[in-house]
Structure formats: C-alpha cells, structure tokens
Amino acid sequence: MCSVFGYIGKNNCRSYVMEGLQKLEYRGYDSAGFACLDSDDKRLYFSKAKGRLKNLATLLKEKPMDGHIGIGHTRWSVYGKPSQKNAHPHFDCEKRISIVHNGIIENYHSLKEQLTQAGHIFHSETDTETIAHLFESLLVSHKTLKAAVVDLVNQLEGAYAFLCINQDYPDCMIMVRKRSPLCIGIGDDEIFVASDPLAFINQTKKVLFLPDESFAIVKKDLIELYEFSGKPLTPDVQELSIEWQDNQKNEHQHYMLKEIYEQKNVIHATVDFLHAMTDQIWDHLSLTLEQVRKLDKIHLVGCGTSWHAARIAQFYFETICMIPTRVHLASEFRYMPFFPDEDSLYVYISQSGETADTLEALRLVNSMNLPTITVTNVPSSTMVREAGGFLLTQAGQEIAVASTKAFSTQLSALYWLAHRIALEKRIIDSVQMEQAEQDLLVAAEVLENTIENYKRDICQTHAPFYTQFDRVIFLGRHLSYPLAMEAALKLKEISYIFSQCYPAGELKHGPLALVDEKTPVFIFSHSEPLIYQKIVSNAHETKARGGHVVAFAFEGQHELIDLADLSFVVPKVKTLLGPLAMIGIIQFFTYQIAKNLDCPIDKPRNLAKSVTVE
Ligand code: F6R
C-alpha cells in the first residue's frame, strides 16, 4: 500500500525521507514523490516520478531540493492509474499546501464536485487532491490552523493517514490518522513521521502511535495532539525495542528465494520462542485459565495467504483440541450476521498486523468485549496493540510480496497453540506437547530437504517446461485443499499464470470440462489412506481426459506417483503437518517458473505487501 514519511527538524530532510521511503517501498511501488519547504526562501518545491523510488531519486539528483521540513510518498494506486500526475504529493490551487496520503477518502467524489463548483482546479484523478483543496478553502474560513484541521477531518470520510506541509506555516507539519497506521518518532530537535516505525527506528526509538481519529500539529520540538473534536490529548510516548534489520538478498536473486530458504530456521525460532513462554502463555494472551478450559468455539480470521493458514489451522483446532472452529475471510466477516458467544476465541492471523480488513474485523469483536488474539509477525503492528493478546511468529521481516516464511511460521504457531489449548483442557499430556514441538522441527527439516532434492531438476528442466502453459488447475482434498489454494495463489501472483483451485471432489461437478492437454492439473496428496485413494481417483479422471498431472505426493504413494506426468515426493510427517512439509517445494517450483518467465517476482504488478485499505 502507500507509505508516507515526513521529517521536521534541525537537519535537512531529503536524505531521511528518501531513506525512510526506501525501507517501506516494498509495500507499494507504482510511483513516488517528495516535497519540501526550502530552508532559505521557504517556498514549496516538489518532485514526482512514475514507477519505482529509484526514478524519483534520479530526478532529485538532476534537480536537487532540500529543507528542514519535507514529506514523501510511495504509492499503490486506488483512485487514478499509476502516473506522474497521480503520484503524491498533491496540492491546493496555489501550490502552497502539499499532502501525502495513505488510505481512501470515500466521499471524495461529492467533495470534489463542491470544490470544483467553488472554482478549485484539480490536476489529478486522485481522492488525495481533494484534501488539499478542501484544506485551502477551510483555511480561508477559519481563524486558526487548528480550527481548519478540525473542520477538515470532520468532513473527510474513509480510512486515512496523511501529512501536510504548508508554505504559510513553514515551521509545522500536520499529521492525521483515521483507521490507517501513522506514528511519530521523537528525536532531539527533530521529528520523524511514517506509516511504520521501522522506517525511522535507526534515528529514534521514542515513538508516539497516533491514536485512532486524532491529529497532531508538530514543530521540531513540540507535538500538539488532538482528538478529531479538537480536544487536546496527552501524547503517550513509548520506547520501542525493535531494530531495523538490514535485510539484504545476500547471494539470492530475489527476496522470495531468500525467504523460502529461511523457513527451516524461522520455524525453529518460532517453536523455541513459544516453548520458552509456555508457562506464561495465557497471561500473554490475556486469557484466564477458566476461559481456556471453557473454550467451545474458535473463529479464525484473515486474508489471502493468512486465510489459507487459517483454513489449514481449522483442522488443527478441531482435531487436536476438539473445538469446533470457523474460518472467516476478514473482508466478508464484517458484513455477515454476527452471533456473539462468550466462550469463543477470535484469532486474527496477519503477517503484517496491518491488513485493513482484518483490523476492522478485530475492532468489531473488540467492541463487543469478546476475547481476541492476533497471530502476527510484526511486534510494532496495530493488531498487536489492539488485540486482547498476541502470539508472535519469529519469521523476521518478510520483504517479497508473496508470503512464504510468514505462512509456514503461522502454521507452526497455530499448530503449537492447538496443542497448548489441548494440554490445558487435559486432552493431551506434556509428553505429547513436547512431541508436537519435535514434529514441527521434523516438518521444517523435510520442507528444506525436499527443496534440495528437486532443486537441480526444477531449475534445469521442470520450471522451463511449465512456462509454456497459460493456465493451471489446482486440486486438493481435506487438509490439502487449502494447501492447493495457497499453491494456486503463489503461482498466479508471481508468474501471472491463471491458476484456479478446486476441492478435488468437485472436479466432476464442472471443472473437468476445462481439462485438456494444455491445462495441467496440479494435485496435492494427503497421507491418510482414505483421502489419498479419493485423490488417486481424481488423478485417474484427469488422465482419462488426456490431462497432464503434476502430483505433490508423499513417499510410498506409488499409484499416484506412477500416474503423474511429474511428481514431487515428500517424506511422510505427522498427517496434520503434511502442508507444512510440502509448502517449500511448492514455493520453490512456482518461484522458478516465474523466474523463467522473467517476472518481477518480489514486486509483482498491481500488488503491495501491506494492504492497509479495505
Ligand atoms: C500472498 C500474500 C497476501 C497476504 C494478504 C494478507 O502471497 O502475501 O495474500 O497474505 O494480503 O496479508 P497479512 O498476512 O499481512 O494480513
């Protein structure tokens, strides 16, 4: 999504802004821009470029500008296509006010109509420009800056975080937050502001997370914080202990490959971390022992890959701790009938901890005072701050847009949690708990070894061969159905090959009509004999129609392996950990196909890492 960064202080701003934007660029990257007030003449200067941040850096080298106050932006388009014209910052008619914005102004259309009728001239197709023009008109009708901001924020609908600098107020910056992340870093006579504290954590660890529906009027040594009503708020400044990890690709061509290879270690780290906190786990999750023992329903909520992890984890909670579990797509959850249930636990799964749909689904349940926890990878995220409790995976920062190590650590953490609840409910004993931890480590080993076994063949033969296909069908059953969904998502997002996933049992209810020699069918097996046999039948049905089968099978599944045109065979692990053991080879294979197609794997077209708009 879009990222914003701002600086006001004793130093020149440009290098801080560009460095901050660079750290956040993986989140959205279709255009970028920078604006500052020149230190001498105090006038507004700006530069914008279509495409990656490096294009903006080149422009700024050709036409340098700097000052003690500046803002920058990397964009992921919502309103208006990626272009220089639509790149932020946006301005008022006189180009005195400059705005960078993350989020959506839902009522921008009607506001734009009113402003146009009043004579304002718009230069972009964005919703953001409306903020600048509206602010311009409110500054005329209000006596103070603060009164104009209060009126402004109360007219804007949607979820947004924006920064504003104004030539007429050269020593202050306005920062506004409503349901979109924004935080201020407090230095010595300097203030940083960004969508994510990681962007400035090298400069200061003193951080103020703007409360929801608040705004700040900030000078280099002063922060005035207000509710949207204008009532002053006391800033709650925290000292963060997070560090920016200088995340290099090392010897790898892409972050995705690096992250695929990190999985064994980060699964180990996740298991070690959870093992170490086992005695304090319920305090950590803000749950009482009584609540855990009485738990009779679990709801898992997420989007995309995190939703797939939830779909797999449903089998964990229902099988291991025998608690009926429902899985919800966060984007649908808010609009469905809701039946509050005191003995339920609501678990929000999110790599970033910022995904807008998941966050809103969390807020809905929080507002009913029901127990919520988040399973996430980012300790400084909004979900960690807002959920009743949190369980951190230890994946480390994930840069590639396509999620890999976040998924495998989510599965590990959820598998562990299911066992920990089962232990508390006395369904399993401590020996079985320890065994579960060992089983996770074994699955991690298998994940990595399977990649090693097939690496050469995939790189030399299989990946180049499969680039010829325009579409692929994915099939799975029971546990392997959500795994097949995740595999299909990986292939489509990084290679742009049309990938459609079905529960294998549905094949003859329609999708079989699509099977031909040009449409390979990727089939994901299961280690339970009963389910395996059904999967074999689906492979037969496919072959009988001249289809091409790629099987992801377990050792000893000869019938499926013999039937397939290509098979990847994975050593058997605990049945419920089959998806974890198998995911590495799937990621590696899809990655190599995309690489052979010369796709921009880490930053696929149209996508962004952290989806902070609904
Ligand atoms: C796919 C992918 C996305 C995310 C989804 C949710 O590879 O990364 O589908 O899983 O946008 O993001 P988080 O987990 O940050 O809530």
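This passage describes the ligand site, the aromatic pairs and the backbone of a predicted model.

The ligand is surrounded by 15 residues. Those that come nearest are S306, S350, S352, T355 and E493. By character, the shell divides into 5 nonpolar, 8 polar and 2 charged residues. Two helices each supply at least two residues of this shell. They are helix 10, which spans 304-320, and helix 16, which spans 480-495. At the level of domains, the shell draws at least three residues from domain 2 (245-428). At least three also come from domain 3 (455-614).

Side chains also make polar contacts with the ligand. In T355, an N or O atom of the side chain is 2.4 Å from an oxygen atom of the ligand. For S352, the corresponding distance from a side-chain N or O atom to a ligand oxygen is 2.7 Å. K490 places a polar side-chain atom 3.0 Å from an oxygen atom of the ligand. Taken alone, the ligand exposes 410 Å². The protein buries 89% of that area.

Aromatic rings were then examined. A search of the whole structure finds 25 aromatic pairs. One of them joins Y466 and F589. The ring centres of Y466 and F589 are 5.6 Å apart and their planes meet at 80°, so the pair is edge-to-face. Planes over 60 degrees apart count as edge-to-face. Y466 belongs to helix 15 (residues 430-466), while F589 belongs to helix 19 (residues 578-596). The pair therefore ties together parts that are 123 residues apart in sequence. Y466 and F589 are both buried. Both residues also take part in a cluster linked by ring pairs. Its other members are Y454, F465, F469, F474, F522, F524, F552 and F568.

The backbone has several features of note. Most residues other than glycine have a negative phi, and most peptide bonds are trans. Between H88 and P89, however, the peptide bond is cis, with omega at about 5°. P89 lies in the loop that runs between strand 4 (69-75) and strand 5 (90-91).

Positive phi values occur at N250 and R426. Neither N250 nor R426 is a glycine. For N250, phi is about 55°. N250 sits in the loop between strand 15 (237-239) and helix 6 (255-261). Its relative accessible area is 56%, so N250 is exposed; the cut-off for exposed is over 50%. For R426, phi is near 60°. R426 is located in the loop between helix 14 (405-424) and helix 15. With a relative accessible area of 66%, R426 is exposed.

A402 is another loop residue, placed between strand 20 (389-392) and helix 14. A402 has a relative accessible area of 0% and is therefore buried, as buried means under 20%. In sequence, A402 and L491 are 89 residues apart. In space, the C-alpha atoms of A402 and L491 are 9.6 Å apart.

Notes
Residues are numbered from 1 along each chain as its sequence is written. This is a predicted model: local features need pLDDT of at least 70, side-chain atom pairs count only at pLDDT 80 or more; totals for chains, interfaces and linings use all residues. Side-chain values use heavy atoms; hydrogens and water are left out. A residue is near a molecule or strand if one of its heavy atoms lies within 4 Å of it. A polar contact is a pair of N or O atoms within 3.5 Å; within protein, one must be able to donate a hydrogen and the other to accept it, and residues adjacent in sequence count only if both atoms are side-chain atoms. Accessible areas come from the Shrake-Rupley method with a 1.4 Å probe; for residues, only the protein chains shown count as cover. Helices (H or I, at least four residues) and strands (E, at least two) are DSSP runs, numbered from the N terminus. Ala, Val, Leu, Ile, Met, Phe, Trp, Tyr, Cys and Pro count as nonpolar, Asp, Glu, Lys and Arg as charged, and the others, Gly among them, as polar. Domain bounds come from an automatic or database domain assignment. Rings of Phe, Tyr and Trp (its six-membered ring) pair if their centres lie within 6.5 Å; planes under 30 degrees apart count as stacked, over 60 as edge-to-face and the rest as tilted. Buried means under 20% relative accessible area, exposed over 50%, partly exposed in between (1.4 Å probe, protein chains only).
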